[in-house]
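This report goes through the packing, the sheet, the helices and two unusual backbone positions of one protein chain. It begins with the nonpolar core.

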Amino acid sequence: MDESRQNLQPADVEALALELERREKDAKEKITKDWLPRYTGMPLEQFGQYILLVNFGNYVRMFAEKHNVEVIGLDKPMQAATAGNITIINFGIGSPNAGLIIDLLEIISPKAVLFLGKCGGVKTGKNQIGDLILPIAAIRGDGTSNDFL
């Protein structure tokens, strides 16, 4: 056995684990600082502290028109617009994209993130078009959601 491994103490293992965690966090920070602007076309300093996530580009366009601001990233996978301290982002469709945008938003540390979208229900005839539905549970079968719980 290697002599250096024989003298390894619990404190040494803990110090190594903390150093590894720090390096991993630094690497993730460098990636997300680059990737959020790459996916949206928006510089980090233009993001508001409150984020609306949608999965239809039309919502971003309507938000931008209402607030007389520009839609950024029309040639990017995720379009965005900021008015005041609120940024709306079209993250696309699907759990992988939802997971990706949440990971990327970590770099700007928003005060709040709200998903706006659609959901389905088992019972028919209970809801009308335009009703606000606040889901309290979901059925996951997409292969991504379990990684974020």
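The largest nonpolar core holds 14 residues, and within it L53, I89, I101 and L105 touch the most other members. The model is a predicted one. Two elements give two or more residues to this core, β1 (50-54) and α4 (95-105). The largest share, four residues, is that of α4. Neighbours within four places in sequence aside, I101 is in contact with L36, L53, M78, I89 and F91. A second core, separate from this one, has nine residues, among them L52, A64, V71 and A81.

**Overall layout**

The chain contains four helices and four strands, and their pattern along the sequence is α-α-β-α-β-β-α-β. Of its 149 residues, 24% count as buried. The chain exposes about 11,100 Å², of which carbon and sulfur atoms supply 55%. Taking contacts between residues at least 6 apart in sequence, 63% join residues at least 24 apart.

**The sheet**

The four strands form an open sheet in the order β2-β3-β1-β4, and the pairing is mixed. At the edges are β2 (80-83) and β4 (112-115), each of which pairs on one side only. On average, and with direction ignored, neighbouring strands of the sheet are turned by 15° against each other. Four bridges join β2 to β3 (residues 86-90), and this pair is antiparallel. Opposite T82 stands T87 in β3.

**Helices α3 and α4**

Which residues of helix α3 are buried? In α3 (residues 57-67) they are V60, F63 and A64. Seen down the axis of α3, these buried residues fall within an arc of 95°, so they line one face of the helix. An α-helix has 3.6 residues a turn, so residues three or four places apart point the same way. E65 and K66 are exposed on the other side of α3. The cover over the buried residues of α3 includes β1, β2 and β3.

In α4, the buried residues are A98, G99, I101, L104 and L105. What covers the buried residues of α4 includes the helix α2 (10-40) as well as β1, β3 and β4. I101 and L105, buried in α4, are also among the residues that touch the most other members of the largest core.

**Positive phi in two loops**

Most residues other than glycine have a negative phi. Two positions in this chain are listed below with a positive phi although neither is a glycine.

| Residue | Phi | Loop | Relative accessible area |
|---|---|---|---|
| N68 | about 55° | between α3 and β2 | 73% |
| S109 | near 45° | between α4 and β4 | 55% |

N68 follows α3. The cut-off for exposed is over 50% relative accessible area. N68 counts as exposed because its relative accessibility is 73%, and S109 is likewise exposed, with 55%.

Methods:
Residues are numbered from 1 along each chain as its sequence is written. This is a predicted model: local features need pLDDT of at least 70, side-chain atom pairs count only at pLDDT 80 or more; totals for chains, interfaces and linings use all residues. Side-chain values use heavy atoms; hydrogens and water are left out. A nonpolar core is a set of buried Ala, Val, Leu, Ile, Met, Phe, Trp, Tyr and Cys residues joined through side-chain atoms within 4.5 Å. Buried means under 20% relative accessible area, exposed over 50%, partly exposed in between (1.4 Å probe, protein chains only). Contact means heavy atoms within 4.5 Å. Two strands pair if DSSP finds at least two bridges between them. Axes are lines fitted to C-alpha atoms, for helices over the stretch in contact, and angles run from 0 to 180 degrees between N-to-C directions. Accessible areas come from the Shrake-Rupley method with a 1.4 Å probe; for residues, only the protein chains shown count as cover. The arc is that of the directions from the helix axis to the C-beta atoms.
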